[in-house]
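Grab a pencil and work through these exercises with the model open beside you. Try each task yourself before you read its solution.

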Amino acid sequence: MGSQTLPVYKDYLDTNLEWLDQIPKGWSLKKLKNFSSLKARVGFHGLSSSDFIDSGVYCVTGTDFRLGSVDFNSCYFVSEKWYEMDKNIQLQNGDVLITKDGTIGKTAMVEGLTQQATLNSGVFVLRPSIVSKYLYWLLNSRVFVDQVDIISRGSTINHLYERDFKDFVFPVPSESEQLQIVDFLDSRVEAVDSVVELKEKQIELLKERKQIIIQQAVTQGLNPDVPMKNSNVDWTEQIPEHWQMKRVKNIFKMVMEAAGKNNSHELLSVYSDIGVKPRKELEERGNKASSTDGYWMVKSGDIIVNKLLAWMGAIGLSEYDGVTSPAYDILRPRIEVDGYFYHLLFRAKFFSAELKRHSRGIMDMRLRLYFDKFGVLEVPYPPIEEQREIVKFVKRELSLVDDGISLFEQQINKLKEYKTTLINSAVTGKIKVTEQV
């Protein structure tokens, strides 16, 4: 599968370029502006809400790109007026699209277009005089990425300007070679993408397996032969006969202990994906507080609840002493518990729906879970030793599943690295694919 098995060209020429040392003899180096137009919509002037309609002209954004093509089913619609405002970005089959704002460099080909389509302001349309799909592969290679890196030295680029992009230099072989390189890459990359897709599906199955392990353990215990009884709650039908159902407020109490002035306590946050962590470990994920005066004190063993995002998993056990935002609720055990048992329960997907049902607000992103609602929920309370056995079992099983996920992720990364190398080698002439197709 490796590109090293493919032949190379007989003769190469030095380019004197920082990002590309050589190209095959007979190839040329061309600035983008010399073989392609480059257009984008300028702003949204003159538009009103009436221009955004339920059917009509497709308006393509970067979020509509799927595996190198435009998914027109995900596009929103605009009026004919907007379409006619700028004829330069009226899309045609064979156009190459690339995002220029935010996450720059996402690409797509326009194919299978059967009705009018235009762009929003975050996407360039390129209409080349060379083979369109060859340009698409150039834009997915290090040839493009390295030039972006050069113009963004010392800063993080979040906008690709036309003045820079039109002067990017690309290696261009003859049209017949372009077509052969396209055929080669279409075939090889599709094969790689298929394997990646399969492994991604396997990862999703393993993640589902984790949820099943958690749900069975925290609602049914570890003994499949134990007698069961009705739980009298909607979200789980039965629990082991010897377990109790207790209200959350009878297991945990809400505490509001304010930190003193000029304190040096560890600042903690709760995240949907990873639970409770010190903010200093993930400062890039949020703003660093300038002062933690008046923040809530947290003890190891407390449950931290992000009222706004609890139903999305932003709730969990703190294994640290520290402080956290007054926007969060701090729940401290009233009775003996293994806090990780409730960490598993409260963060599980099947229980998140129950948290959402008891949250209050006019829309999903405004929902808040207040303790007066959370506290009255009834949850399983197994004997403490059994809680510990369940936690030990679940941690072991989840670790095994995580190992499997990690292995698939490593394989996916290697496949993506291979794909990147393959594309770059083909469009720069480091390999001679014309003898392979």
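**Exercise 1. Is C75 buried or exposed?**

Before you start: this is a predicted model, where local features need pLDDT of at least 70 and side-chain atom pairs count only at pLDDT 80 or more, while totals for chains, interfaces and linings use all residues. Residues are numbered from 1 along each chain as its sequence is written, and side-chain values use heavy atoms, with hydrogens and water left out.

Step 1: get the cut-offs straight. Buried means under 20% relative accessible area, exposed means over 50%, and partly exposed is in between (1.4 Å probe, protein chains only).

Step 2: apply them. C75 counts as buried because its relative accessibility is 8%. C59 is buried too, at 0%.

**Exercise 2. Work out why C59 is not bonded to the closest cysteine sulfur**.

Step 1: recall the chemistry. A disulfide is a covalent bond between the sulfur atoms of two cysteines. The cut-off used here is a pair of cysteine sulfur atoms within 2.5 Å.

Step 2: check the distance. The closest cysteine sulfur to that of C59 belongs to C75 and sits 7.6 Å away, so it is too far for a bond. Starting from C75 gives C59 as the nearest, again at 7.6 Å, and C75 is in no disulfide.

Step 3: look at the whole structure. The search turns up zero disulfides.

**Exercise 3. How many salt bridges does the structure hold, and what do some of them link?**

Step 1: define the thing. A salt bridge needs a side-chain nitrogen of Lys or Arg within 4 Å of a carboxyl oxygen of Asp or Glu. The structure has 22 of them.

Step 2: take a pair inside one helix. Helices (H or I, at least four residues) and strands (E, at least two) are DSSP runs, numbered from the N terminus. K207 and E204 form a salt bridge, with their closest N and O atoms 3.9 Å apart. Both belong to helix α5 (residues 175–220), three residues apart, or about one turn of the helix. K207 is partly exposed at 40%, and E204 is partly exposed at 43%.

Step 3: now a pair that reaches across the chain. D402 bridges to K210, and the closest N and O atoms are 2.8 Å apart. This pair links distant parts of the chain, with D402 in helix α10 (residues 384–427) and K210 in helix α5, 192 residues apart. D402 is partly exposed, at 34%.

Step 4: try one between loops. E266 and K280 meet in a salt bridge at 3.6 Å, N to O. E266 is in the loop between β18 (252–255) and β19 (268–271), and K280 is in the loop between β20 (275–278) and β21 (296–298), so the pair ties together parts 14 residues apart in sequence. E266 is partly exposed at 27%, whereas K280 is exposed at 54%.

Step 5: spot a network. K31, K33 and D167 are joined into one by salt bridges that share partners.

**Exercise 4. Find which residues of α2 are buried, then look at the loop before it**.

Step 1: go through the helix. The buried residues in α2 are S132, K133, Y134, L135, Y136, W137, L138 and L139.

Step 2: draw the conclusion. Eight of the eight residues are buried, so α2 is largely enclosed by the rest of the structure.

Step 3: step back into the loop. S129 lies between β13 (123–128) and α2 (132–139), and S129 is exposed at 60%. In sequence S129 and S37 are 92 residues apart, yet in space their C-alpha atoms are 8.6 Å apart.

**Exercise 5. What is the sign of phi at N16 and at L67?**

Step 1: know the background. Most residues other than glycine have a negative phi, and most peptide bonds are trans.

Step 2: read off the values. N16 has a positive phi of about 60 degrees although it is not a glycine. L67, not a glycine either, has a positive phi of about 50 degrees.

Step 3: place them. N16 is in the loop between β1 (12–14) and β2 (22–24), and is exposed at 76%. L67 is in the loop between β7 (65–66) and β8 (69–70), and is exposed at 78%.
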